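Hi everyone, thanks for making room for me today. I'd like to walk you through a protein model, so please have the display open while I talk.

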Amino acid sequence: MYNQRVMDHFSQPRNVGDIPDADGVGEVGNPVCGDIMRIAIKVRADRIEDIKFKTFGCGAAIATSSMVTELVKGKTLQEAEEISNRTVAEALGGLPAIKMHCSNLAADALHRAIEDYRRRNGGAVGAGVAPAVAAGARAASGPAAHDEDKCPSCCGKIAQLGRELAEGRDITAGPPSDPIK
Ligand code: FES
């Protein structure tokens, strides 16, 4: 199902972890499958000096998380904002069509982390953000923003994971799930 590059990033993901004193953090969840992703960035002189991720999700979600961190490390914030889900999928040599939506998580979490950095630093959130980014940010609301009444199973799970993330739990440790779905 997955090509070798995807499997490489899934089985040996780069930049897994957290940045305790991060300058920006982005969290997104997929309301359909319940997967969740968190990206933390450290910014120096308008460049992404360091980036780490934690993903509770499928093989494609983990591989795209890993790849997006490799793509943007050392890039300027503006260059990072131009990364789209398609950029990430192409860098992985392609994803199965039914897994393309998984790549949205990585790009959206990255863009949210940059937005968070700009917000913390008094910048205008959304200024200079590519249209695809703005659309993605609208489409993928964060875990806490999901309406649990509309979708009690997956949105409730995302909200719960979001709360646990905020409390510092390592979401990569569970809850138990089949990582290669
Ligand atoms: S991100 Fe949920 S199935 Fe891939």
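What pLDDT does the protein average, and what share of the residues score at least 70? This is a predicted model, and the average pLDDT is 79, with 68% of the residues scoring at least 70. Two stretches deserve a warning. Over residues 127-155 the pLDDT stays under 50, and the model has 50 contacts there beyond four places in sequence. Residues 174-181 are also below 50, and that stretch has 6 contacts in the model beyond near neighbours in sequence. Where pLDDT is low, please don't read the predicted coordinates in detail.

Now, the overall layout. The protein has 7 helices and 3 strands, and read along the sequence they go α-β-β-β-α-α-α-α-α-α. Of the 181 residues, 45% are buried. If you take contacts between residues at least 6 apart in sequence, 66% of them join residues at least 24 apart.

Let me start with helix 2, residues 59-72. How many of its 14 residues are buried? It is 13 of the 14, so helix 2 is largely enclosed by the rest of the structure. The length works out as well: at 1.5 Å a residue, helix 2 should span 20 Å, and its end C-alpha atoms are indeed 20 Å apart. For anyone checking that by hand, the expected span is 1.5 Å times one less than the number of residues. Just after helix 2 comes Gly 74, with a positive phi of about 90°.

Helix 5, residues 102-120, can be looked at in the same manner. Of its 19 residues, 17 are buried, so helix 5 too is largely enclosed by the rest of the structure. Its expected span at 1.5 Å a residue is 27 Å, and the end C-alpha atoms sit 28 Å apart, which agrees. Helix 5 is followed by a glycine as well, Gly 122, whose positive phi is near 75°.

So how do these helices meet? The axes of helix 2 and helix 5 come within 8 Å and cross at roughly 40°. That makes helix 2 oblique to helix 5, because oblique covers angles that are not roughly parallel, antiparallel or perpendicular, and roughly parallel stops under 35 degrees. The crossing is right-handed. If you want to find it on the display, look on the helix 2 side for Ala 60, Ala 61, Thr 64, Ser 65, Val 68 and Val 72. On the helix 5 side, they meet Cys 102, Ser 103, Leu 105, Ala 106, Ala 107 and Leu 110. As a reminder, an α-helix has 3.6 residues a turn, so residues three or four places apart point the same way.

Helix 2 has another partner. At what angle do helix 1 and helix 2 pack? The angle is about 85°, with the axes 8 Å apart, and the two helices are therefore roughly perpendicular to each other. Helix 1 brings Val 6, His 9 and Phe 10 to this contact, while helix 2 brings Gly 59, Ala 60, Ile 62, Ala 63, Ser 66 and Met 67. Notice Ala 60, which is listed in the contact with helix 1 and in the contact with helix 5.

Now for some loops. Most residues other than glycine have a negative phi. Which way does Asn 15 go, positive or negative? Its phi is positive, near 60°. Asn 15 lies in the loop between helix 1 and strand 1 and is partly exposed, with 19 other C-beta atoms within 10 Å; a residue counts as buried at 20 or more.

Asp 46 also has a positive phi, about 70°, without being a glycine. You'll find Asp 46 in the loop between strand 2 and strand 3, and it is exposed, with 10 other C-beta atoms within 10 Å.

Asp 46 leads us to my last stop, the loop between helix 2 and helix 3, where Thr 76 sits. Leaving aside neighbours within four places in sequence, Thr 76 is in contact with Asp 46 and Arg 47. Lys 75 is found in that loop too, and beyond such neighbours Lys 75 contacts Arg 47, Ile 48 and Ala 80. Lys 75 and Arg 47 are 28 residues apart along the chain, yet their C-alpha atoms are separated by 5.4 Å. Both loop residues are partly exposed: Lys 75 has 16 other C-beta atoms within 10 Å, and Thr 76 has 14.

That's my tour, and thanks for listening!

Notes. Residues are numbered from 1 along each chain as its sequence is written. This is a predicted model: local features need pLDDT of at least 70, side-chain atom pairs count only at pLDDT 80 or more; totals for chains, interfaces and linings use all residues. pLDDT is the predictor's confidence in each residue, from 0 to 100. Two residues are in contact if their C-beta atoms, placed from the backbone, lie within 7 Å. Helices (H or I, at least four residues) and strands (E, at least two) are DSSP runs, numbered from the N terminus. A residue is buried if 20 or more other C-beta atoms lie within 10 Å of its own, exposed if 12 or fewer, and partly exposed in between; C-beta atoms are placed from the backbone. Axes are lines fitted to C-alpha atoms, for helices over the stretch in contact, and angles run from 0 to 180 degrees between N-to-C directions. Angles under 35 degrees count as roughly parallel, over 145 as roughly antiparallel, 65 to 115 as roughly perpendicular and the rest as oblique. A crossing is left-handed if the near helix is turned anticlockwise from the far one by less than a right angle, and right-handed if clockwise.
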